[in-house]
Amino acid sequence: MGIVYLIPSLLAEDATLTIPGYVKDAVKSCRLFFVENERTTRRFFKQLWKEMVIDEYEWFVMSDSSGVSDLFKQKLSEGKNIGIVSEAGCPGVADPGQALVAIAQEMGATVKPLVGPSAILLALMASGMNGQQFRFLGYLPIDSPQRAKTIKDLETESFKKNFTQIVIETP
């Protein structure tokens, strides 16, 4: 059984110093990657490891088809180390990598999350809000009236229970 590495990526293109050096070692130990965006992941890896020959690796976009799960299981069963890479930040949180991590856990594979930038935690750290009790709620509704109602309800609940609620929005 292969190892699944959860490889953090950049929140901003010029922020390579936010990625620990051992992430490059994890990239080197994988021959295939399940990614949210192949183009940006390739660019990011070249920033980390200039000598990397991109075309020697297998790339699978997590949202390409329903067959991704079966392909992931097959490659993991073959003993291949797999890297999962989000578009920005840490895989498995508010992105399609979570489904593959769940499969790896069900299969009994070793899953190694690697430390990297997380917009969610960075926002909490800088907010001055309650970091002892907080909830991450994912994305808000797209519909404007429903969004406004949800925000109002979250605000009321947060004041009543004295905890921070974190939501995420795409750029």
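**Exercise 1. Is Glu38 buried, partly exposed or exposed?**

Solution. The model examined here is predicted.
Step 1. The relative accessibility of Glu38 is 25%.
Step 2. Buried means under 20% and exposed means over 50%, with partly exposed in between.
Step 3. Glu38 therefore counts as partly exposed.

**Exercise 2. Describe the salt bridge between Arg42 and Glu38 and its setting.**

Solution.
Step 1. The two side chains meet at 2.9 Å, taken from N to O.
Step 2. Because Arg42 and Glu38 are 4 residues apart in helix H2, about one helical turn separates them.
Step 3. Arg42, at 23% relative accessibility, counts as partly exposed.
Step 4. The pair belongs to a wider arrangement: a network of salt bridges links Glu38, Arg42 and Asp55.

**Exercise 3. Determine which elements are joined by the salt bridge of Lys75 and Glu58, and state the exposure of each partner.**

Solution.
Step 1. The side chains of Lys75 and Glu58 form a salt bridge of 3.2 Å, N to O.
Step 2. This pair connects distant parts of the chain, with Lys75 in helix H3 (residues 68–77) and Glu58 in strand S3, 17 residues apart.
Step 3. Lys75 has 10% relative accessibility and so counts as buried, whereas Glu58 is partly exposed, with a relative accessible area of 30%.
Step 4. Glu58 also has a place in strand pairing, as Leu32 stands opposite Glu58 in S3.

**Exercise 4. Establish the strand order of the sheet and identify its edges.**

Solution.
Step 1. The open sheet has 5 strands in the order S3-S2-S4-S1-S5, and the pairing is parallel.
Step 2. Strand S3 (58–61) and strand S5 (110–113) are the edge strands, each pairing on one side only.
Step 3. On average, neighbouring strands of this sheet are turned by 20 degrees against each other, direction ignored.
Step 4. At the S3 edge, 4 bridges join S3 to strand S2 (residues 32–35), and these strands run parallel.

**Exercise 5. Which elements give two or more residues to the largest nonpolar core, and which residues does Phe45 touch?**

Solution.
Step 1. The largest nonpolar core contains 21 residues; Ile7, Val27, Phe33, Phe45, Leu48, Met52 and Trp59 have the most contacts inside it.
Step 2. Two or more residues each come from strand S1 (3–7), helix H1 (22–29), S2, helix H2 (38–48) and S3.
Step 3. Leaving aside residues up to four places away in sequence, Phe45 touches Ile7, Val27, Phe33, Met52, Trp59 and Val85.
Step 4. Another core, of 17 residues, lies apart from the largest one and includes Phe34, Ile103, Ala104 and Ala109.

Terms used:
Residues are numbered from 1 along each chain as its sequence is written. This is a predicted model: local features need pLDDT of at least 70, side-chain atom pairs count only at pLDDT 80 or more; totals for chains, interfaces and linings use all residues. Side-chain values use heavy atoms; hydrogens and water are left out. Two strands pair if DSSP finds at least two bridges between them. Axes are lines fitted to C-alpha atoms, for helices over the stretch in contact, and angles run from 0 to 180 degrees between N-to-C directions. A nonpolar core is a set of buried Ala, Val, Leu, Ile, Met, Phe, Trp, Tyr and Cys residues joined through side-chain atoms within 4.5 Å. Buried means under 20% relative accessible area, exposed over 50%, partly exposed in between (1.4 Å probe, protein chains only). Contact means heavy atoms within 4.5 Å. A salt bridge is a side-chain nitrogen of Lys or Arg within 4 Å of a carboxyl oxygen of Asp or Glu.
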